[in-house]
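This briefing covers the overall make-up of a protein chain and the strand pairing within it. Please view the structure alongside the text.

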Amino acid sequence: ELVKRLHSIVVEDERKNPNNPVSIGIISPFRAQVEQLKISVSKVLSEHMIEKHQIEIGTAHTFQGDERDVIILSMVISKKMENGDTRIVKALTTKEYERSFNVAASRAKEQVILVHSIAANELSKECLRYKLITYYNTFNNNKKESDKINLVTEFEKSIYNELKLKNISIIPH
C-alpha cells in the first residue's frame with residue numbers, strides 16, 4: 001500500500017508540477033521494513049525519479065534535522081496470521097519510540113500520510129500508534145471543518161484547529 005501511494009504521488013506530481021518536484025520521505029520505525037521498502041521502491045520508480053523527488057527511505061533517525069514536502073509514515077501495523085490465530089502486533093509504548101514518532105511526524109513541510117491497516121480502536125490506548133492515528137484523524141476532521149466556515153489564512157486555520165483540539169468552542173470572525 002505504501003509503495004502504491006508513493007507511486008501515485010510521483011505520477012500526479014509529474015503531471016501537475018514537472019519542473020518543481022515535491023520531495024518525499026518514507027519513514028518506518030523498523031530497519032527491516034526500511035530495507036524492504038528500498039527494494040520495493042526501486043522496482044517501481046526509476047533512479048532518476050527517486051533522485052528528482054529526493055525520495056529518502058529510513059527510520060526517524062535518518063531524517064533527524066531533515067525535512068521533505070511529503071512524509072509517508074508507516075505505522076507498521078497489521079493483523080498477523082500465525083497458526084490460524086489473528087493477533088495484533090506489539091504495542092509501542094517506550095520513550096524511545098515516542099521520540100522516534102515525534103521526529104517522524106514533524107519532518108513534513110506540507111503533508112503527512114499515515115499508512116496503517118488497523119483502526120485506532122483496535123489498538124491499546126497506550127500505544128503510540130493509537131495516539132498518532134487518533135491525533136491525525138482528529139486534526140484532519142477539524143481541518144475539513146475549518147475549511148467549511150471560510151477561514152482564509154493558514155494562521156486562522158491553525159489557531160482554529162488547535163482550539164478545537166482542546167475542545168474550546170469557537171465563533172469565527
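Accessible areas are obtained with the Shrake-Rupley method and a 1.4 Å probe. On that basis, the accessible surface of the protein chain comes to about 10800 Å², and 49% of this surface belongs to carbon and sulfur atoms. The model is a predicted one.

**Overall make-up**

- The protein chain contains 6 helices and 6 strands.
- Read from the N terminus, the order of these elements is α-β-α-α-β-β-β-β-α-β-α-α.
- Of the 173 residues in the protein chain, 35% count as buried.
- Among contacts with a separation of 6 or more, 70% are made by residues 24 or more positions apart.

**Burial of strand 3**

- Strand 3 spans residues 68–74, and 7 of its 7 residues are buried.
- Buried here means under 20% relative accessible area.
- Strand 3 is therefore largely enclosed by the rest of the structure.

**Pairing of strand 3**

- Strand 1, residues 24–27, runs parallel to strand 3 and is joined to it by 4 bridges.
- Within this pairing, Ile-26 stands opposite Ile-72 of strand 3.
- Strand 6, residues 108–115, also pairs with strand 3 in the parallel sense, over 6 bridges.
- Here Ile-72 stands opposite Ile-113 of strand 6.
- Ile-72 thus has a partner in each of the two pairings: Ile-26 and Ile-113.

Technical notes. Residues numbered from 1 in each chain as written. Predicted model: local features only at pLDDT ≥ 70, side-chain atom pairs only at ≥ 80, totals over all residues. Heavy atoms only, no water. Buried < 20%, exposed > 50% of the residue type's maximum accessible area, 1.4 Å probe, protein only. Pairing = 2+ DSSP bridges. Contact = heavy atoms within 4.5 Å.
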